[in-house]
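Trainee: I'd like a close look at one part of this model, the way its helices pack, and then a walk out to a few local oddities. Could you take me through it in one go?

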Amino acid sequence: MDESKHNNVHGSNQNLSITEPAREKVHYSNKLRTYTGTHHKRPHVQLRNRSLDDRVIHNNSYGLQEDLSDDEGSHLVSQKIEGIGLAANGSDDSNESPLPEFEGSGGGVGSFKVPARAPLHPARPTYLELRPHPLKETQVGKFLRTIACTETQLWAGQESGVRVWNFSDQYEPGMGIGGRARRGDEDAAPFYESVETSPTLCLMVDYGNELIWSGHKDGKIRSWRMDRANSDDSPFKEGLSWQAHRGPVLSLEISSYGDIWSGFEGGIIKVWPREAVQKSLSLLPEETYLASLLVEKSFVNLRSQVTVNGACNISSSDVKCLLSDHGRAKVWASGSLSFSLWDARTRELLKVYNVDGQIENGVDMPSVPEQAVEDESNIKAVSKSKKEKSQVVEDESNIKSVSKSKKEKSVEDESNVKSVSKSKKEKPVEDESNVKYVSKSKKEKSVEDESNVKSVSKSKKEKSVEDESNVKIVAKSKKEKSQGGNFFQRSCNAILGAAGAVRRVATKGSGAFAEDSRKTEALVLASDGMIWSGCSNGLLVQWDGNGNRLQDFHHHPCAILSLCAHGSLIWVGYVSGMVQVLDLEGNLLADWVAHNGPVIKMSVGGDYVFSLANHGGIRGWTLATPGPIDNILLSERAEKRYLYTRQENFRILVGTWNVGEGKASQEALETWLGSAILDVAIVVIGLQEVEMGAGFLAMSAAKETVGLEGTSSGQWWQDAIGKTLDEGSTFERVGSRQLAGLLIAIWVRKTLRAHVGDLDVAAVACGLGRAIGNKGGVGLRLRVFDRIMCFVNCHFAAHLEAVKRRNADFDHIYRTMAFTRSSNLLNDAAGMLRYLFLTCSLVFSTYLLWLLYSSGLPWILSLSLAAGVSSAAQMLRGTDAAAINPPDEGKPDLAEADMVIFCGDLNYRLFGISYDEARDFVSQRCFEWLREKDQLRAEMKAGKVFQGMREAIIRFPPTYKFEKGKPGLGGYDSGEKKRIPAWCDRVLYRDSRSAPSMECSLECPVAASILQYDACMEVTDSDHKPVRCKFNIEVSRVDRSVRRQEFGKIFQYNGKIRSLLEELRYIPEVAVSTSQIFLKNQETFSLIITNRSRQDSVFFQITCQDQSAINKDEQTSDYHPRGSFCFPRWLEVTPASGMIKSGQDTEILVRQEELCNSEDTADVSKWSEDTREEEVILMINMKASRSMEVRTHQVHLRCSFSANAGFMLSRNSSSRNEGSSHHRSNSTRRNEGSSHHRSNGSRRNEGSSLRSVFQQESASDMKKYE
């Protein structure tokens, strides 16, 4: 939108007064965003002497500057801060104007270009923001971890239960802090929460029972009713629940036959039969315990079924993904690097294969239950404890299994291996060429390596001597062991112990370090029947229904975390926040950055594909994306941006001080900060040289390698400053970061705290080897009114001639400072390896530094060693961060911020001037001439440093170097060196303005000006003077609640959009070959579905609506309502879902299977002597590519079973029950469950109606396609 149009819309007072939402007058944000804090009285502090500056800055309340015109001010709802500088009527109480500023050259290009901002992201489709990005500190214990959608609701699993949004409320305004929503959910659409439970890890939709099933960290599976009437005041309660496992429930899925499949740690898969679940659901509320017990005892452990004598055919890695292939009645279970494919009807293992598609194990089980010994040349198996019965040793190169008797062990390897039987007291002794088992007594010791090593057994009083030529190890007394001489030995032992522990953890389960990047993170079933898997290396793999790998795609280098499919599109969510849309052939159609965090889950519901970011934000993308609707929504919403634009105004105080390893008095802190904080909302303090010294710096570098930071001195300074700020009553400490002697900390006024958060920290060392923290920078990044602000405290290279080094320090900090949140190093094997490296680095460096330092070697050597360790660790952490974070597009983190403030001891000096001349100019207050000699100003003017940044014109004396305790100008260094006074301590900034004349708007969201910039010359606690700089900040932000309302109006009522949506809802006409099917004697019927459209494809799903039994009198009994797929086990429909291209047809095979159990039939004792008939209704649901609209065709199916089948069923059940007590108990429970029927008059009537419809069908339909 051009500037003229901007001005025209911006000046339309009358139009806005009409369209301004009525809720604005009483909106909750008026109270939330208006400060009610009062002035806190401070003791009067004597300001500096007038002779030190050319003007006096009175520390009274400054008025907030309002740069908007009258017209613009009437449009933008300006929320004025009360109690921190404004009168009650909102007018300014001071005529304070911004200070003049100096701007450096070189801005506006490359990394120093101001980030582009707009009311709407031009490269991102317009979205429904169901839940805006909450501040992370507000989500402690409430983080959302997964989502699932029904036709009318969106369910989310969180760390304390579940919550649900109704799609009917998705455009409604937020509930605000005064409503039911807590902090962080003020602008979210209205939702309902459950009672508190253990963290929810997975969700599953069960349409048949109209339930949502949730898996939890405590091992429980819980149910929640769909579309229940929620109360605004009380959280809703769970329904049926049971203890599924001792560990967390990682995944849930419902099969084509209604069984609940659940995945756990260690490769465990449990199946909960539909019959047991339905019987438990039918019990009365007072029978809750009985219902839970019934389901809990009914499970089938699939891992146990495929395990024989400890040998299991499936992987032991965690089952994080389960997928039901309804079209083929199969279930996929995914570990980290392998898959197992199961038959959903019989629950038999069909296939096990790895991520490359290679078969890992056959389905057949070993017939002899003995111990296998493999790889006779390389692997030796030694008998284990009495409790261990079997062990499987595998080798990739050669696997051989030898059967053994129960009492005997095999002797193999005729050429190389010789084994001699041993008694229980014997121990094995191995030699390089041959293995000989020699019987020894308990008192004897082994003698090995005849050529080089000789060990002689000695008595307790004797000392062992080894390695006659070079090494002698002499046992020491207890007192000698306690001395420092054994420190190295203890360090080595600690390292070896840590290495062993890490190795054991890392090698547990399948996969190795090199395979870590190939882990499967997500699975999805596409509408055409193909299965897609997403890997942690960004690879997208396509599989057919039989587990054959077809092809792979690599569209983005980051890890895939979520997949979703609907119609002809596949949606992919990445750890970088990117979302991609592919067609069914894998071609990339569109991509955009959907969130500023990883996209951990996606789900289809209503007219949207909803994406959940790891920070808890939920956004809905229309099913029409990508398409012309996106452009309409973008332009329409941009025109209404003034309806949801809000402007905030507050002040920030930034202070910097090189404290010279000292500690300031409370009086000094009051002088520096006390009177300046009365009208500010945020205080940022940067300190340098909090603590120094070679030993401290070396130890600090070692601690940084394992993520440890902070010292007692740093904590003292934070506490002392907090006391000055009245921390706890007026201000709240938000966070801090320390790197050796560098410390930065931030405090926020409590009245602003609700809008400040998402704090991240960073540190960059610029000392020796870019690893020692005596020089460098520490930074904080946080969101203030949804705008990103960064604060960096720096200490650059010293000395007059080191200008280029100082410039290089800035460039290094600016380009490499990464506000990366701490990664979970211990979550995987590769993380354990990195952690081992860091731990060993710390142990080695600690010992060697102690050794060098105590031996009197030069301190620079100690620092060099620490630098090597620290830089190696930083490089390792950088590699890890690059794998997690989105790829670097050439823009550092600081370049992406809306505002950046640098402060610190920058160490730029005055050049071309002598000590005496500088003193004279200072005493005469000729600061203008001195500024011309300022190195920093000259370098900024040349565009060599702080490119495009601004600094207020300096009007205070140089702050360096002073003698401690000497007040006034006489305190400048008068010693032997006589260092030239200099403005070393500075504050510079960059906001969102690309030009000083720009006004605050959504295109320029942060506009700052400096109201105060001075030094406290009367403070004498250090050789530097503390400096303070007060900013006036204007922030333009979006009222997300109002914007969501406006989006809903556009999407629902815009004529062009409604027309396009109607076109997308068109479902091609199809023809079904028959509406009735009769099967008997395990017959197969071919059902033909034809797509009569010549242009569009159609997608179908076949589900089972209900089932009833027909007796010999043609009366309906035993009515079973069903839903979803949920076929009876005697029925197989293949494929039950898929895609039919235009002008084509597909064949559906409907087969009557042999009765394998009695779960889906009545009691066989009630069967007639001849036949028994079952009747079901098959629902053929047709959908279009980009719509949720459904057109349904019904097919009535009747199957006839002979009485002999029933008796065969009884015999088969008996024979299976004799197999194992576990299966016997499960079968008994299932038989008990099948005897419970929910039958009443209405259900019988429905069954009769179904039968009558069946009888009235014309027989010609059956022969139509013959």
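Trainee: At what angle do helix α11 and helix α13 pack, and how far apart are their axes?

Mentor: Some ground rules before the helices. This is a predicted model, so to speak of local features we need pLDDT of at least 70, side-chain atom pairs count only at pLDDT 80 or more, and totals for chains, interfaces and linings use all residues. Residues are numbered from 1 along each chain as its sequence is written, and side-chain values use heavy atoms, with hydrogens and water left out.

Now your pair. Helix α11 (residues 666–673) and helix α13 (residues 712–724) pack at about 60°, with their axes 10 Å apart. Axes here are lines fitted to C-alpha atoms, for helices over the stretch in contact, and angles run from 0 to 180 degrees between N-to-C directions. Helices are DSSP runs of H or I with at least four residues, strands are runs of E with at least two, and both are numbered from the N terminus. That angle makes α11 oblique to α13; the scheme is under 35 degrees for roughly parallel, over 145 for roughly antiparallel, 65 to 115 for roughly perpendicular, and oblique for the rest. The crossing of α11 past α13 is right-handed, meaning that the near helix is turned clockwise from the far one by less than a right angle, with anticlockwise being left-handed.

Who touches whom? On the α11 side, the contact is made by Gln666, Leu669, Glu670 and Leu673, and α13 brings Trp717, Ala720, Ile721, Lys723 and Thr724 (contact means heavy atoms within 4.5 Å). By class, the residues of this contact are five nonpolar, two polar and two charged. Ala, Val, Leu, Ile, Met, Phe, Trp, Tyr, Cys and Pro count as nonpolar, Asp, Glu, Lys and Arg as charged, and the others, Gly among them, as polar.

For another pair, look at helix α10 (residues 628–639) and helix α20 (residues 1040–1053), which pack at about 130° with their axes 10 Å apart. That makes α10 oblique to α20, and α10 passes α20 in a right-handed crossing. Here Leu633, Glu636 and Arg637 of α10 meet Arg1043, Phe1047, Ile1050 and Phe1051 of α20. The split is four nonpolar, no polar and three charged.

Then there's helix α5 (residues 274–282) with helix α6 (residues 288–296): their axes come within 9 Å and cross at roughly 180°. That makes α5 roughly antiparallel to α6. Ala276, Val277, Lys279 and Ser280 of α5 are in contact with α6 through Ala291, Leu294 and Val295.

Just ahead of α10, in the loop between β35 (618–622) and α10, sits Pro626. Thr625 and Pro626 are joined by a cis peptide bond, with omega about -5°. Another cis bond joins Tyr960 and Lys961, with omega about 0°; Lys961 lies in the loop between β44 (950–952) and β45 (985–990). That loop also holds Lys978, a non-glycine with a positive phi of about 45°. For context, most residues other than glycine have a negative phi, and most peptide bonds are trans. At 40% relative accessibility, Lys978 counts as partly exposed (buried is under 20% relative accessible area, exposed over 50%, partly exposed in between, using a 1.4 Å probe and protein chains only).
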